[in-house]
Amino acid sequence: MPEPQYLGAKFIHRGWITQFIPESAVTVLDAFSGSQSIAYTLKQLGKRVITNDFLAFNHLIGKALIENPHYVLDEEDVKILFAEN
C-alpha cells in the first residue's frame, strides 16, 4: 500500500493504533478514515471494517480497498495503472 503524503495521515501510526484493538473484536469502525490506511490494516488483521469519510475520493478508496471482496489486480493491471499516458 502506498504511503499517503498529506496532513493528518495515520499511516505511520498503524501499529500503535492497532495495538489497542482487542483481538476478540470482530467489527471495527474507522470513522475518520481518510486514506483508509487504518481500515486496510484492520482488514488485513481479519476484522470486519466499517469506514467513513467526508471526502468523496476517500470514500471511493474505501470502496476499492475495504469493501471490494472480489477483484484483485494482476500484474497486467498494475502495468496499465503505472504506464505513462
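Trainee: In this predicted model, is Gln36 buried or exposed?

Mentor: Gln36 belongs to the loop between strand E1 (27-30) and H2. Buried means under 20% relative accessible area. The value for Gln36 is 1% relative accessibility, so this residue counts as buried.

Trainee: What distance separates the C-alpha atoms of Gln36 and Ile61?

Mentor: Gln36 lies in a loop, whereas Ile61 falls within the range of helix H3, residues 56-67. The two residues are 25 residues apart along the chain, and their C-alpha atoms are separated by 7.0 Å.

Trainee: Why are the buried residues of H3 said to line one face of the helix?

Mentor: The buried residues in H3 are Asn58, Gly62 and Ile66. Viewed down the helix axis, they fall within an arc of 45°, so they line one face. The face turned away from that buried side carries the exposed residues Ala56 and Leu60. The reason is therefore the arc of 45°.

Trainee: Which elements do the buried residues of H3 pack against?

Mentor: The residues concerned are Asn58, Gly62 and Ile66. Their packing partners are helix H2 (37-44) and strand E2 (48-51).

Trainee: How do the planes of Trp16 and Phe20 meet, and what is the angle between them?

Mentor: A search of the whole structure finds one aromatic pair, formed by Trp16 and Phe20 with 5.0 Å centre to centre. Trp16 counts as exposed at 55% relative accessibility, and Phe20 counts as exposed at 53%. Planes over 60 degrees apart count as edge-to-face. The pair is accordingly edge-to-face, with an angle between the planes of 70°.

Trainee: Which residue lies over the face of Phe11?

Mentor: The residue is placed at 4.0 Å from the ring centre of Phe11. Its name is Arg14.

How values were computed. Residues are numbered from 1 along each chain as its sequence is written. This is a predicted model: local features need pLDDT of at least 70, side-chain atom pairs count only at pLDDT 80 or more; totals for chains, interfaces and linings use all residues. Side-chain values use heavy atoms; hydrogens and water are left out. Buried means under 20% relative accessible area, exposed over 50%, partly exposed in between (1.4 Å probe, protein chains only). Helices (H or I, at least four residues) and strands (E, at least two) are DSSP runs, numbered from the N terminus. The arc is that of the directions from the helix axis to the C-beta atoms. Contact means heavy atoms within 4.5 Å. Rings of Phe, Tyr and Trp (its six-membered ring) pair if their centres lie within 6.5 Å; planes under 30 degrees apart count as stacked, over 60 as edge-to-face and the rest as tilted. A charge sits over a ring if NZ of Lys or CZ of Arg is within 6 Å of the ring centre and within 35 degrees of the ring normal.
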